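Open the model in your viewer and follow the stops below. Each one says what to select and what is there.

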Protein chains: 2
Amino acid sequence: MTAPRRIAFFAFPGTEELDFVGPWEVLSAWAHNWRDDAIECIAVAETTEPIRCAKGLRILPDCTWDDAPEFDILVVPGGRGTRPLLERAPTLARLRKAADANKLIVSVCTGALLLAKAGLLDGKPATTHYESLTLLGELGRDVDVRPEARFVDTGNIITAAGVSAGIDAALHLIVRLHSVGRAREVRRYIQYDPSPPV
Amino acid sequence: MTAPRRIAFFAFPGTEELDFVGPWEVLSAWAHNWRDDAIECIAVAETTEPIRCAKGLRILPDCTWDDAPEFDILVVPGGRGTRPLLERAPTLARLRKAADANKLIVSVCTGALLLAKAGLLDGKPATTHYESLTLLGELGRDVDVRPEARFVDTGNIITAAGVSAGIDAALHLIVRLHSVGRAREVRRYIQYDPSPPV
């Protein structure tokens with residue numbers, strides 16, 4: 001039995017609910033239903049106080065950054081709470097540190113703005129929520145902004161488009177970490193045969 | 001300004017995360033971004049203690065059933081936590097009371113099992129997570145189980161298929177309560193152009 005691969009989800013005030021829970025559902029369903037794959041998901045935040053998400057739901061982090069166990073993958077959701085974080089040096093330093101340590105970073109929606117501000121998207125292709133595409137380009141240097149992409153995988157960084165795109169990016173992550181077969185099984189479990197009625 | 005239409009989301013231990021947050025995102029994004037539509041979403045539970053969801057995320061209810069303000073619509077998510085609730089008379093009585101008061105009830109995934117056990121699906125078409133279709137038929141009387149439906153709308157009750165289907169059902173609910181146009185705007189906001197990579 002190998003050590004589990006741990007996936008840390010960054011929770012902050014103003015996190016967009018589905019940005020966080022879309023990938024959480026995909027990856028934690030994988031973790032719970034296929035225990036031998038040794039995947040673990042944790043919610044990490046500045047403090048363990050309840051976090052009020054962008055649309056009002058309150059969630060509880062599992063641990064603080066200081067208490068967090070080692071992790072391999074970092075999920076950075078978006079939401080209006082990213083805007084104040086763009087000016088928060090310790091948050092940007094944390095993202096740079098994760099990248100320097102070769103952790104795989106997955107942003108959803110405007111989570112990509114934080115990666116851009118931290119300099120992690122300089123010269124790279126990336127995407128974000130459709131309303132923030134211009135800002136994404138302004139925050140980084142020579143970011144190759146991809147308006148049409150559902151998600152962009154550069155190897156060490158995956159950026160997903162707005163809100164619901166995190167579900168697709170998380171399924172892609174299972175392909176990378178395990179197999180197409182497992183990703184299909186998880187897709188089946190969450191019955192992800194989308195059929196938007198409008 | 002009319003009184004807001006209030007949508008209560010039932011939170012219980014073992015709620016499947018995306019069953020809850022899929023419709024929450026859709027309906028609370030509607031509420032927050034189009035204030036004049038006077039929609040309000042609240043998370044209601046037995047107690048205000050933190051709730052551990054099926055895949056480990058902890059959420060905080062806004063109020064208890066006893067403290068809850070009047071609501072018009074009740075969302076009943078699924079998850080393994082529904083199984084003990086099938087034997088909990090007060091929960092089933094609460095669902096019957098909501099139906100008797102002509103509230104619109106929307107189940108996601110195995111939330112439909114609770115409606116069936118409460119007798120609310122007798123003689124009606126309904127759906128649920130694909131693994132629970134047989135059980136759904138057994139719990140009610142003459143339930144017309146629809147394995148292929150993404151969601152089924154009987155007028156007073158909407159039942160959605162597994163997990164991610166709650167997103168589609170919630171968009172349908174916006175059509176019913178407001179318009180196709182508004183549902184499309186919310187769909188655009190959450191950038192719901194699903195593109196499953198597997």
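Start with both chains. Chain B lies on chain A with an RMSD of 0.0 Å after a turn of 180 degrees and a shift of 0.0 Å along the axis; the fit is by least squares on the C-alpha atoms of residues with pLDDT of at least 70 in both. The two copies are thus related as by a two-fold rotation axis.

This is a predicted model: local features need pLDDT of at least 70, side-chain atom pairs count only at pLDDT 80 or more, and totals for chains, interfaces and linings use all residues. Residues are numbered from 1 along each chain as its sequence is written, and chains are lettered from A in the order in which they are written.

Next, select B:I59. Of the residues of chain B, B:I59 comes closest to the rotation axis, at 2.1 Å (C-alpha). Its bridge partner is A:I59. Now show strand β4 (residues 58-60) of chain A with β4(B). Three bridges join these antiparallel strands (strands are DSSP runs of E, at least two residues, numbered from the N terminus; two strands pair if DSSP finds at least two bridges between them).

Now colour the contact. It takes 42 residues from chain B and 42 residues from chain A (contact: C-beta atoms, placed from the backbone, within 7 Å). On the side of chain B that touches chain A, α1(B) gives the largest share, nine residues.

Finish on helix α1 (residues 17-33) of chain A (helices are DSSP runs of H or I, at least four residues). Centre on A:E25: a kink of about 25 degrees sits there (the angle between axes fitted to the seven residues ending there and the seven starting there).

How values were computed. Expected span 1.5 Å × (residues − 1). Contact = placed C-beta atoms within 7 Å.
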